[in-house]
Structures are given as C-alpha cells and as structure tokens.
Amino acid sequence: MSLRRRKMIEEAFGWIKTVGGLRKTRHKGLERLSGQALFAFAAYNLTRMLSLMRTAAA
C-alpha cells in the first residue's frame with residue numbers, strides 16, 4: 001500500500017515540475033511563488049479529476 005501511495009505522490013510532483021512549470025520558478029518572493037504553486041497544483045487536480053471522471057463513466 002505504501003508503494004502505491006508513493007507512486008501517486010511522485011507522479012503528482014513530476015507532473016507539476018514538468019508540465020506545471022515549477023522546475024524553474026518565474027517569480028521572486030514567497031507570495032508570488034506560492035501563487036504559482038497553487039495554480040500548478042490546481043491545474044493538476046483538474047486534470048486528475050477529468051481522468052477519474054472518464055474512467056468512472058466507462
């Protein structure tokens with residue numbers, strides 16, 4: 001069970017780094033960086049929800 005959870009977490013952070021653009025930050029400052037991170041995590045959650053809804057409908 002631990003390996004499954006670890007895989008889910010690693011996939012999320014990998015997606016956020018590559019697709020979400022958090023490998024290199026574009027902003028300076030804690031407020032701006034936390035906003036960029038929040039946006040990237042929200043985008044990941046939306047894509048994950050979409051894929052979960054597709055599998056539930058099938």
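Let's begin with Q36, which counts as buried because its relative accessible area is 9%, and the cut-off for buried is under 20%. You'll find Q36 in helix α2. What does Q36 touch, if you leave out residues up to four places away in sequence? The list is G21, L22, T25, R26 and H27. Keep in mind as you look around that this is a predicted model.

Now zoom out to the whole chain. The protein chain has 2 helices and 0 strands. Helix α1 covers residues 2-18, and helix α2 covers residues 30-57. Being buried, as Q36 is, is a status that 14% of the 58 residues of the protein chain hold. The surface that the protein chain exposes comes to about 5,300 Å², and carbon and sulfur atoms supply 64% of that area.

What about the overall shape? Picture a box of roughly 45 × 25 × 15 Å, taken along the principal axes: that's what the C-alpha atoms of the protein chain fill. A compact globule of 58 residues would have a radius of gyration near 10 Å, but this protein chain comes out at 14 Å.

There's also a label from a database. An unreviewed UniProt entry places the feature "domain: Transposase DDE" at residues 4-50. In the model, that span is 77% helix and 0% strand, and its end C-alpha atoms lie 20 Å apart.

Next, let's look at the aromatic rings. A pair of aromatic rings is described by the distance of the centres and the angle of the planes. How many aromatic pairs does the count come to? The answer is 2 aromatic pairs. Take F13 and F41 to start with: their ring centres are 5.9 Å apart and their planes sit at 85 degrees, so this pair is edge-to-face. The cut-off at work here is an angle over 60 degrees. The pair links distant parts of the chain, with F13 in helix α1 and F41 in helix α2, 28 residues apart. Are these two rings hidden away? F13 has 45% relative accessibility, so it counts as partly exposed. F41, at 35% relative accessibility, counts as partly exposed too.

The other pair is W15 and Y44. Here the ring centres are 5.4 Å apart and the planes are at 55 degrees, so the pair is called tilted. This pair also links distant parts of the chain: W15 belongs to helix α1 and Y44 to helix α2, 29 residues apart. Is each partner buried or partly exposed? W15 counts as partly exposed because its relative accessibility is 24%, while Y44 counts as buried because its value is 14%. The line between those two classes is drawn at 20%.

Finally, let's turn to charges. Side chains of opposite charge can pair when their charged atoms come close. The count here comes to 1 salt bridge. Which side chains meet in it? They are those of E11 and K7, at 2.3 Å from N to O. Both residues lie in helix α1, 4 residues apart, which is about one turn of the helix. As for accessibility, E11 is partly exposed because its relative accessible area is 43%. K7 counts as exposed because its relative accessibility is 52%, and the cut-off for exposed is over 50%.

Definitions and conventions
Residues are numbered from 1 along each chain as its sequence is written. This is a predicted model: local features need pLDDT of at least 70, side-chain atom pairs count only at pLDDT 80 or more; totals for chains, interfaces and linings use all residues. Side-chain values use heavy atoms; hydrogens and water are left out. UniProt positions are given in the numbering used here, feature names are shortened, and annotations may be inferred rather than shown by experiment. The radius of gyration is taken over C-alpha atoms; the globule rule is 2.2 Å times the number of residues to the power 0.38. Buried means under 20% relative accessible area, exposed over 50%, partly exposed in between (1.4 Å probe, protein chains only). Accessible areas come from the Shrake-Rupley method with a 1.4 Å probe; for residues, only the protein chains shown count as cover. Rings of Phe, Tyr and Trp (its six-membered ring) pair if their centres lie within 6.5 Å; planes under 30 degrees apart count as stacked, over 60 as edge-to-face and the rest as tilted. A salt bridge is a side-chain nitrogen of Lys or Arg within 4 Å of a carboxyl oxygen of Asp or Glu. Contact means heavy atoms within 4.5 Å.
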